[in-house]
Amino acid sequence: MLNKIIKRGHKKVPKSEVSSDYGHAPPPPLGGRNSGNVSTSDVVVNHASRGNIVTTNSPSVMTSSAVPAAPGNIENLPLFRDVPISERQVLFFKKLQICCFQFDFTDTKKFVREKEIKRQALVELVDYVQSGAGKISENNQEQMVKLISANIFRCLPPASHENTGSENVEQQEEDEPYLEPSWPHLQLVYELLLRYVVSSDTDTKVAKRFIDHSFVLKLLDLFDSEDPREREYLKTILHRVYGKFMVHRPFIRKGINNIFYRFIYETERHSGIGELLEILGSIINGFALPMKEEHKLFLIRALIPLHKPKPVAMYHQQLSYCIVQFVEKDYKLADTVIRGLLKYWPVTNCQKEVLFLQELEEVLETTQAAEFQRCMVPLFRQIARCLNSPHFQVAERALFLWNNEHVVGLIAQNRNVVLPIIFDALQKNIDNHWNQAIHGLTVNVRKMFMEMDADLFDECQRQYSEKAARASELEEQRELRWQRLAAAAIQGC
């Protein structure tokens, strides 16, 4: 049985399986593993015939799709400016063929000449597409997308926390990001894709056949790359695709939703949440009014729950921008957003509390009086807890709310409700808080309320004194009961 398996492993590959429509090894399927494969110091790209069989006599040389390549060297092609205009489309196709081959960049000494030929070909392709020197044929567009797919869609290396097993979010933030070794080529491939998408010569009716849902989905998967340079290119490209291909817009929004859901409820680990939120910030800014129910559900089900994961500090700035964009678009969403923040308010993480208070102030700046009244009771109960926080940065950030004129205006209109809720917290800070800066800020806020409504302030002061007196009496009674119990215990002995 073992011998049969071994013989089957050495079975000769049929010509139909190794032949290529392009005269060389075909690019790998989208998303295939190709980042670790090498091609070709012994590869020849035969452009005379498209029916040639591709073979190899070197076990160390393989194409990205693991199909053996023919012996020889990659052909160094002429520049576009050195050939007649009528032959440039043929030359464009040949350069695309060369760039479909993949190299192992972990060893900088291998295939140096071939890597440089490919790099020069990519530079030429980028310049040709950018210059608009000639309209690219549909066949060449299809092959170009195949080239891009062969180079960028790959298995990403394990993240640093997967190698170390680290669960420490702060440690992960400090770790150096993994930089893609093949970036000298990869950057040019991304640049080629970007120039193709933004080109005025690119017809979306034709291009959408090649840049389809499968392509977009794999593009979204690449946002988990640890290399910030790659994520920056992906952000720009996906934004341009969203703007140019209207047919893909719902699919892109749904794909981003799914990444967020998986991040929030399953993994809590993803490298590209910030970049995806940056794209969404621009998309939200373009939403038409009245806002669709689909967009409101996205806010409730995806954006607000993004406050829950531990690494929220890594993308909070972009998240806060998206949230505020929603409230600016539709002021009636302020109550929903504020209650969502209160739902996910951190209990033991002081740094997250500071971030939440910053975002809360930005939301309150765009909140109208009617929406403020709907949520002010639970809101100021939470603010009162923040005022008494032993962490001075939390207490300080909560007190800074009274530096905002719009927020102070909302509070002044509803002082009959707000002051009784936070008066005890203000008084406790003045009496007991350890930080002198907090003590001074609290005195200023207290003085502000006194100037707003002296009668209301005196009434709150009276109620606080009565509560303090009752609490003192209860404490005395408790002490007396304990003394009686102690005396009875001594007599019993």
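Of the 493 residues in this protein, 47% are buried, and the model in which they are placed is a predicted one. The surface that the protein exposes comes to about 25400 Å², of which carbon and sulfur atoms supply 51%. As for secondary structure, the protein has 23 helices and zero strands. When contacts with a separation of 6 or more are considered, residues 24 or more positions apart account for 75% of them.

One pair of helices can serve as a place to look at how such elements meet. Helix α18, which covers residues 369-387, and helix α20, which covers residues 405-413, have axes that come within 11 Å and cross at roughly 85°. Because angles from 65 to 115 degrees count as roughly perpendicular, α18 and α20 are described as roughly perpendicular to each other. The residues that meet here are A369, F372 and F380 on the side of α18, and L410, I411 and Q413 on the side of α20. Sorted by class, this contact of α18 with α20 holds five nonpolar residues and one polar residue, with no charged residues.

From the helices the reader can turn to the loops, beginning with the one that lies between α9 (204-207) and α10 (213-221), where D212 is located. D212 has a relative accessible area of 29%, and it is therefore partly exposed, since that class lies between the limits of 20% for buried and 50% for exposed. The side chain of D212 reaches the backbone nitrogen of F215 at 2.9 Å. D212 can also be viewed together with H248, a residue 36 positions away along the chain, for the C-alpha atoms of D212 and H248 are separated by 8.0 Å.

A second loop, between α21 (415-432) and α22 (436-452), contains N435. Is N435 buried or exposed? With a relative accessible area of 13%, N435 is buried, because the class of buried residues takes in values under 20%. The side chain of N435 reaches the backbone nitrogen of A437 at 2.9 Å, and a polar atom of that side chain of N435 also lies 3.1 Å from the backbone nitrogen of I438.

Taken side by side, the two loop residues can be described in similar terms: D212 is partly exposed and its side chain reaches the backbone nitrogen of F215, whereas N435 is buried and its side chain reaches the backbone nitrogen of A437.

How values were computed
Residues numbered from 1 in each chain as written. Predicted model: local features only at pLDDT ≥ 70, side-chain atom pairs only at ≥ 80, totals over all residues. Heavy atoms only, no water. Axes fitted to C-alpha atoms, helices over the stretch in contact; angles between N-to-C directions. Helix = DSSP H or I, 4+ residues; strand = E, 2+ residues; numbered from the N terminus. Parallel < 35°, antiparallel > 145°, perpendicular 65-115°, else oblique. Contact = heavy atoms within 4.5 Å. Nonpolar A, V, L, I, M, F, W, Y, C, P; charged D, E, K, R; others polar. Buried < 20%, exposed > 50% of the residue type's maximum accessible area, 1.4 Å probe, protein only. Polar contact = N/O pair within 3.5 Å; in protein donor to acceptor, adjacent residues only side chain to side chain. Areas by Shrake-Rupley, 256 points an atom, 1.4 Å probe, with all protein chains shown as cover.
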